[in-house]
Amino acid sequence: GRAPEISSPPAGVTLVLRPGTPTVELAAVTDAGARSLHWFAGTSYLGQVDAGRTLDWEPGPGRHLLRAVDDAGRAASREVTVEAAP
């Protein structure tokens, strides 16, 4: 099967956190056989969701390496930059 593809957050953008909206939606497209996804930011475990579902993440400012790992061990990663709104 195919590894997951992270669809949110998009590649190459800087996320700006605004007061009152501190979360970012994490989403990935998975192979038809995948049942669940585990999300990580660096070495921190963010949680597990059923394939096709999203996970809300409350990041801090900085650069983060996001990883999505399906139940078969296939993985995708994406680096994101997060800034606080001025």
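## The five-stranded sheet

In what order do the five strands of the open sheet with mixed pairing stand? The order is 2-8-7-4-5. The model that shows this sheet is predicted. Strand 2 and strand 5 (44-50) are the edge strands, and each of them pairs on one side only. On average, neighbouring strands here are turned by 30° against each other, direction ignored.

Take the pairs in turn. Strand 2 runs parallel to strand 8 (residues 75-84), and four bridges link them. One residue pair shows the register: Val 16 has Glu 83 in strand 8 as its bridge partner. Strand 8 also pairs with strand 7 (residues 62-70), this time in the antiparallel sense, over eight bridges. Here Gly 62 has Val 82 in strand 8 as its bridge partner. At the other end of the order, strand 4 (residues 36-41) and strand 5 run antiparallel and are joined by six bridges. Leu 37 faces Val 49 of strand 5.

## The three-stranded sheet

Another open sheet has three strands, in the order 1-3-6, and its pairing is antiparallel. Strand 1 and strand 6 (55-57) stand at the edges with a single partner strand each, so one side of each has no neighbour in the sheet. Neighbouring strands of this sheet are turned by 40° against each other on average, again with direction ignored.

Strand 1 and strand 3 (residues 24-29) run antiparallel, and three bridges join them. Glu 5 stands opposite Val 29 of strand 3.

## Two backbone details

Most residues other than glycine have a negative phi, and most peptide bonds are trans. Two places in the chain deserve a look with that in mind.

Where is the cis peptide bond that involves Pro 9? It joins Ser 8 and Pro 9, with omega about 5°. Pro 9 lies in the loop between strand 1 (5-8) and strand 2 (14-17). Strand 1 belongs to the sheet with the order 1-3-6, while strand 2 is an edge strand of the sheet with the order 2-8-7-4-5.

The other place is Gly 73, in the hairpin of strand 7 and strand 8. Four residues lie between these strands. Gly 73 takes a positive phi near 90°.

## The chain as a whole

How many helices and strands does the chain have? The count is zero helices and eight strands. Along the sequence, the pattern reads β-β-β-β-β-β-β-β. The radius of gyration is 13 Å, close to the 12 Å that the globule rule gives for 86 residues, so the chain is as compact as a globular protein of that length. Along the principal axes, the C-alpha atoms fill a box of roughly 45 × 20 × 20 Å.

Contacts and surface complete the picture. Of the contacts between residues at least 6 apart in sequence, 54% join residues at least 24 apart. One pairing of strands from separate parts of the sequence is that of strand 2 (14-17) with strand 8 (residues 75-84). Buried residues account for 36% of the 86 residues. The chain exposes about 5000 Å², and carbon and sulfur atoms supply 48% of that area.

Conventions: Residues are numbered from 1 along each chain as its sequence is written. This is a predicted model: local features need pLDDT of at least 70, side-chain atom pairs count only at pLDDT 80 or more; totals for chains, interfaces and linings use all residues. Side-chain values use heavy atoms; hydrogens and water are left out. Helices (H or I, at least four residues) and strands (E, at least two) are DSSP runs, numbered from the N terminus. Two strands pair if DSSP finds at least two bridges between them. Axes are lines fitted to C-alpha atoms, for helices over the stretch in contact, and angles run from 0 to 180 degrees between N-to-C directions. The radius of gyration is taken over C-alpha atoms; the globule rule is 2.2 Å times the number of residues to the power 0.38. Buried means under 20% relative accessible area, exposed over 50%, partly exposed in between (1.4 Å probe, protein chains only). Contact means heavy atoms within 4.5 Å. Accessible areas come from the Shrake-Rupley method with a 1.4 Å probe; for residues, only the protein chains shown count as cover.
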